[in-house]
Amino acid sequence: MAQSGPPPFDPNSPPLIEGFIHTPLHQEGFGDKFLRKSRENPLVPIGCLSTAGALTYGLICFQKGNGRQSQLMMRARILAQGFTIAAIMVGVVATAMKAQK
């Protein structure tokens, strides 16, 4: 009796992979994804808003001729950007650690 080969590939059904659970595709819109990500790491949107606020206020001060306040706000913008990057990195590490468990 001859051994038969593997069954032919069926394009209508996904392949079975050991340890992988197939979930149907879910189309997530931009708003849904933004809200989900904001709930997962709320410090990133706060940092982005503070960066944009410091930049806007610094540009307004520069336009009005208040150079000292403008420089102060540009330094605040740099601090807010650093905070945002740190929040992103903390979120990445937390997500990686959650995935390992």
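1. Let's start with how far along the sequence the contacts reach. Counting contacts in the chain between residues at least 6 apart in sequence, 49% join residues at least 24 apart. Keep in mind while you read that this is a predicted model.

2. What is the chain built from? It has three helices and zero strands, so reading along the sequence you simply get α-α-α. The chain has 101 residues, and buried ones make up 14% of them. If you are new to this structure, it may help to find the helices by residue number: α1 is 30-40 and α2 is 43-64, while α3 covers residues 67-100.

3. Next, the database record. The UniProt entry, which is unreviewed, lists residues 43-62 and 74-97 under "transmembrane region". How much helix does the model show over residues 43-62? That span is 100% helix and 0% strand, with its end C-alpha atoms 28 Å apart. For residues 74-97 the model also gives 100% helix and 0% strand, and here the end C-alpha atoms lie 35 Å apart. Treat the label itself as coming from the record; the helix content and the distances come from the model.

4. T84 is a good residue to click on. You'll find T84 in helix α3. Is T84 buried or exposed? Its relative accessible area is 8%, and because the cut-off for buried is under 20%, T84 counts as buried. Leaving out residues up to four places away in sequence, T84 touches V44, G47, C48 and T51. One of these gets a polar contact too: the T84 side chain reaches the backbone oxygen of G47 at 3.2 Å.

5. R77 is another residue of helix α3. Which residues does R77 touch, not counting those up to four places away in sequence? They are T51, A54 and L55. T51 is also on the list of residues that T84 touches. R77 and S50 are 27 residues apart in sequence, yet their C-alpha atoms are 7.6 Å apart in space.

6. Now over to helix α1, where S38 has its place. S38 has a relative accessible area of 17%, so with the cut-off for buried at under 20%, S38 is buried. What does its side chain reach? The S38 side chain gets to the backbone oxygen of F34, at 2.8 Å.

7. The largest pocket deserves a look as well. Its volume is about 310 Å³, and the lining is made of K37, E40, N41, V44, P45, I88, G91, V92, A94, T95 and K98. The elements giving two or more residues to that lining are α1, α2 and α3. Which helix gives the largest share? That would be α3, with six residues. By residue type, the lining divides into five nonpolar, three polar and three charged. V44, already mentioned as a residue that T84 touches, is among the lining residues.

8. To finish, pick out A94 from that lining. A94 is in helix α3, and its relative accessibility is 43%. Partly exposed is the label for values between 20% and 50%, so that is how A94 counts. How far apart are the C-alpha atoms of A94 and N41? The separation is 9.5 Å, for two residues that sit 53 residues apart along the chain. N41 is in the pocket lining too, which makes this pair a handy one to display together when you look at the pocket.

How values were computed: Residues are numbered from 1 along each chain as its sequence is written. This is a predicted model: local features need pLDDT of at least 70, side-chain atom pairs count only at pLDDT 80 or more; totals for chains, interfaces and linings use all residues. Side-chain values use heavy atoms; hydrogens and water are left out. Helices (H or I, at least four residues) and strands (E, at least two) are DSSP runs, numbered from the N terminus. Buried means under 20% relative accessible area, exposed over 50%, partly exposed in between (1.4 Å probe, protein chains only). A polar contact is a pair of N or O atoms within 3.5 Å; within protein, one must be able to donate a hydrogen and the other to accept it, and residues adjacent in sequence count only if both atoms are side-chain atoms. Contact means heavy atoms within 4.5 Å. UniProt positions are given in the numbering used here, feature names are shortened, and annotations may be inferred rather than shown by experiment. On a 1 Å grid over the protein atoms alone, a cavity is a set of points where a 1.4 Å probe fits but cannot get out, and a pocket is an open set with protein on both sides within 12 Å along at least five of seven lines; lining residues have an atom within 4 Å of a point. Grid points are joined across faces, edges and corners, and a volume is the space filled by probe spheres set on the points. Ala, Val, Leu, Ile, Met, Phe, Trp, Tyr, Cys and Pro count as nonpolar, Asp, Glu, Lys and Arg as charged, and the others, Gly among them, as polar.
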